[in-house]
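Trainee: I would like to learn how to read a protein–DNA model. Can we go through one together?

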2 protein chains.
Amino acid sequence: MSKTEGDDGSPRRLTLLTLAQDLGISRATVSNAYNRPDQLSPALRARILARAAELGFPGPDPMARGLRRGRVGAVGVLVDEGLSYAFTDPTAVLFLDGLARELEADGLGLLLHAARAAGDDLERIRDAAVDAWVVQSLPERHPAVAAAQSRGRPVVVLDQPRLPGAPLVGIDDEGGAASVVRHLTELGHRCLSVVTMPLQADGRSGPADLRRQRSATYQVMRRRLAGAAAAAEAAGLPWTEVPVLECTANDPDLAARAVADLLARPDRPTAVVALSDQLALGVLRAAATLGLAVPGELSVTGFDDSPAAAAARPSLTTVAQPLRDRGETVGALVRGLLRGEPVAGPAPAPVRLVVRDSTAAPPS
Amino acid sequence: MSKTEGDDGSPRRLTLLTLAQDLGISRATVSNAYNRPDQLSPALRARILARAAELGFPGPDPMARGLRRGRVGAVGVLVDEGLSYAFTDPTAVLFLDGLARELEADGLGLLLHAARAAGDDLERIRDAAVDAWVVQSLPERHPAVAAAQSRGRPVVVLDQPRLPGAPLVGIDDEGGAASVVRHLTELGHRCLSVVTMPLQADGRSGPADLRRQRSATYQVMRRRLAGAAAAAEAAGLPWTEVPVLECTANDPDLAARAVADLLARPDRPTAVVALSDQLALGVLRAAATLGLAVPGELSVTGFDDSPAAAAARPSLTTVAQPLRDRGETVGALVRGLLRGEPVAGPAPAPVRLVVRDSTAAPPS
DNA sequence: GTCTGGATCTGTACCGATTCAGAGCATAGT
DNA sequence: ACTATGCTCTGAATCGGTACAGATCCAGAC
């Protein structure tokens with residue numbers, strides 16, 4: 001007769017205590033069988049595990065263990081506005097993949113949370129059972145960030161925002177953008193246009209003036225624009241004459257729509273600098289629709305060097321950043337923080353200009 | 001003087017009890033302030049909340065609450081072999097998005113776990129602090145599934161495998177595949193070829209004979225193949241003469257590589273049936289590389305109707321399944337199960353053939 | 001024969017909350 | 001004046017484990 005049922009005959013939940021009583025030993029010993037094999041004789045341990053399997057006891061309860069040990073084995077990831085965006089962007093996907101891979105080493109899972117600004121959401125973030133948070137590309141001053149920090153658990157930031165006490169993993173966005181603009185000006189381009197992801201979370205799109213560029217709460221975009229501006233000015237191109245088009249999301253379709261008019265005009269630019277590969281793919285598509293030859297009549301550049309950049313036709317000149325590596329770096333930082341090691345954010349990872357088939361000298 | 005520090009002056013962790021003592025009231029009352037506003041006077045509640053904000057108390061600890069209440073507010077998602085695959089497939093992304101959206105209503109987050117077969121992984125799954133599991137397209141008999149079930153928590157399955165006691169959300173895969181093959185035969189095609197995702201998790205690729213098709217542990221693919229076979233036979237095409245090419249992942253590049261040889265041969269098929277849109281995109285790419293006109297010289301079909309299908313050039317004839325809806329359906333089932341409602345899996349969702357520009361009559 | 005030490009195992013105090021029965025105390029009803 | 005009612009608030013049990021300080025026992029040292 002097994003004791004899987006209570007005295008009243010109803011099926012009872014199995015716990016460490018159940019098992020201990022069944023075997024006539026103490027809970028502590030059963031606990032040790034699972035957590036510290038060296039604390040009891042191999043024979044007894046085997047007997048415990050065998051009986052556990054027999055009764056169908058799945059091991060210590062995760063929440064109780066979590067409460068006592070102070071860790072649940074999960075790392076929260078705060079992604080911007082809706083998970084679908086995070087998933088759709090190959091940049092984010094590779095990051096998450098690298099992160100997951102690294103965290104697996106400590107048995108940590110990923111708890112995804114969308115960071116809407118709504119109050120209800122903040123509560124969910126504050127009350128999420130996680131050991132640490134990873135904040136991924138949120139605009140500055142986003143309330144969800146404060147919610148994530150409220151428990152005092154470790155926080156690691158990807159790209160932005162810079163937070164006191166939280167290591168940040170980022171790249172040299174200015175340098176990357178500058179290098180791509182320099183590449184174009186060196187090819188002889190004098191008439192550029194820029195396509196960018198959202199600068200603020202207000203859903204605005206269309207031309208972004210200097211003021212909006214400077215006040216962008218998405219730091220990554222602000223920096224890339226600044227880098228591009230600096231390089232343009234250095235080449236003698238007044239930045240104010242370079243149109244900057246803002247899209248409401250990092251989506252090829254939106255980019256294609258955004259540049260359609262611009263490219264159809266007779267005084268169209270000879271090169272379009274897209275601040276992400278996704279946007280660049282949209283520009284390529286728009287050019288194809290209009291029958292514009294790339295790079296013959298129009299040069300296009302991207303940013304990120306996502307897998308799609310190399311696969312595009314023509315293949316995309318872009319700025320390579322170590323996408324999956326960043327996930328692993330962040331994961332390693334999280335693990336370090338959870339072990340209590342004081343860790344500092346690494347220096348910004350270097351970026352590298354990758355010249356492919358989408359850029360050439362402007363038509364003469 | 002605030003009491004945020006212990007008697008020894010060291011910073012002490014804030015708990016409900018801390019706050020209660022600070023205010024000279026009982027813990028129960030503080031707890032009620034957070035969870036049952038109707039159980040105490042509004043005035044006291046306001047005082048408690050105000051003092052909490054003052055001291056920086058972030059609210060009840062998630063794990064302790066989880067232990068006591070028996071729920072943590074997280075739903076585990078078991079995805080096949082590495083998160084990157086799950087993220088890369090737009091089908092899965094839309095599913096996850098719908099799921100997350102639906103679960104948000106109950107404040108539930110998504111805990112992602114890769115389902116490798118390794119023993120270490122199983123332990124992580126068994127010990128994950130989640131209220132329920134969603135199993136997404138895992139092969140039959142995958143050990144991770146048993147691990148997910150071991151705690152006796154609710155499980156909902158997407159597509160496969162069919163599990164006793166776990167509702168399943170799926171579509172009419174046979175019907176969908178049959179309709180697309182019927183569409184092609186009605187256009188006059190007599191020489192088909194099929195490209196499929198993995199049939200088993202053994203990493204094999206290349207031609208899959210009838211035996212391998214029938215013994216596929218990925219039920220979805222087995223069914224689509226069966227549906228296609230039935231439709232082909234019904235149209236008088238012996239299925240054994242239809243080559244079936246297996247790819248090691250649902251990846252356009254792999255599909256392109258897989259069909260490259262086939263399409264270069266003089267006796268190439270007049271139509272390629274890809275069992276997912278991702279694969280179909282690869283076939284389109286291969287055709288473009290070879291200079292084959294689609295649909296003039298080659299018809300191509302997909303399956304899923306992911307956003308990319310409509311955006312492809314030419315746009316893809318495919319089988320539409322309600323991708324995001326499925327996520328919401330699964331989410332609703334999970335919520336129901338967590339509320340203790342007995343729920344049955346819905347009938348397979350209907351699929352619909354969407355004819356676009358990638359199919360036409362074969363060249364004469 | 002006593003002492004020391006190591007290997008095993010147990011008792012018990014936590015971890016930080018939620019819950020439920022009931023105590024205390026006004027107010028209202030009769 | 002006395003009970004009934006309703007609103008607030010409290011005490012203590014409980015959720016299921018883990019960790020630490022012993023207790024017990026036996027082998028080997030002196």
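Mentor: We will take the conventions, then the chains, then the DNA strands, then one helix.

Mentor: This is a predicted model, in which local features need pLDDT of at least 70, side-chain atom pairs count only at pLDDT 80 or more, and totals for chains, interfaces and linings use all residues. Residues are numbered from 1 along each chain as its sequence is written, chains are lettered from A and ligands numbered from 1 in the order in which they are written, and side-chain values use heavy atoms, with hydrogens and water left out.

Trainee: How is chain B related to chain A, in terms of turn and shift?

Mentor: Copies are superposed by least squares on the C-alpha atoms of residues with pLDDT of at least 70 in both. Here a turn of 180° and a shift of 0.0 Å along the axis lay chain B on chain A with an RMSD of 0.1 Å. That is the relation of a two-fold axis. In chain B, B:L111 has the C-alpha nearest the axis, 2.1 Å from it.

Trainee: Into which domains is chain A divided?

Mentor: Domain bounds come from an automatic or database domain assignment. For chain A they give domain 1 (16–60), domain 2 (73–171 + 324–338) and domain 3 (173–322). Taken over C-alpha atoms, the centres of domain 1 and domain 3 of chain A are separated by 62 Å.

Trainee: Which residues come nearest to DNA strand D?

Mentor: A residue is near a strand if one of its heavy atoms lies within 4 Å of it. Around DNA strand D there are 26 residues, of which A:L16, A:S31, A:R68, B:T29 and B:R68 come nearest. Of the strand D atoms within 4 Å of the protein, 62% belong to sugar or phosphate and the rest to bases.

Trainee: What polar contacts does A:R65 make with DNA strand D?

Mentor: A polar contact is a pair of N or O atoms within 3.5 Å; within protein, one must be able to donate a hydrogen and the other to accept it, and residues adjacent in sequence count only if both atoms are side-chain atoms. A polar side-chain atom of A:R65 is 3.0 Å from a phosphate oxygen of DNA strand D. Polar backbone atoms take part too: that of A:D61 lies 3.1 Å from a phosphate oxygen of strand D, and that of A:A64 lies 3.5 Å from a base nitrogen of strand D.

Trainee: Which element gives the largest share of the surface near DNA strand D?

Mentor: Helices (H or I, at least four residues) and strands (E, at least two) are DSSP runs, numbered from the N terminus. The largest share comes from α4(A), with 5 residues. For DNA strand C, α4(B) gives the most, also with 5 residues.

Trainee: What polar contacts does DNA strand C have with A:T29 and A:S41?

Mentor: A side-chain N or O atom of A:T29 is 2.5 Å from a phosphate oxygen of strand C, and a backbone N or O atom of A:S41 is 2.8 Å from a phosphate oxygen of strand C.

Trainee: Which residues of α4(A) are buried?

Mentor: Buried means under 20% relative accessible area, exposed over 50%, partly exposed in between (1.4 Å probe, protein chains only). In α4(A), the buried residues are A:P62, A:M63, A:R65 and A:G66. They fall within an arc of 160° seen down the axis of α4(A), so they line one face of the helix; the arc is that of the directions from the helix axis to the C-beta atoms. At the start of α4(A), a side-chain oxygen of A:D61 comes within 2.9 Å of the backbone nitrogen of A:M63.
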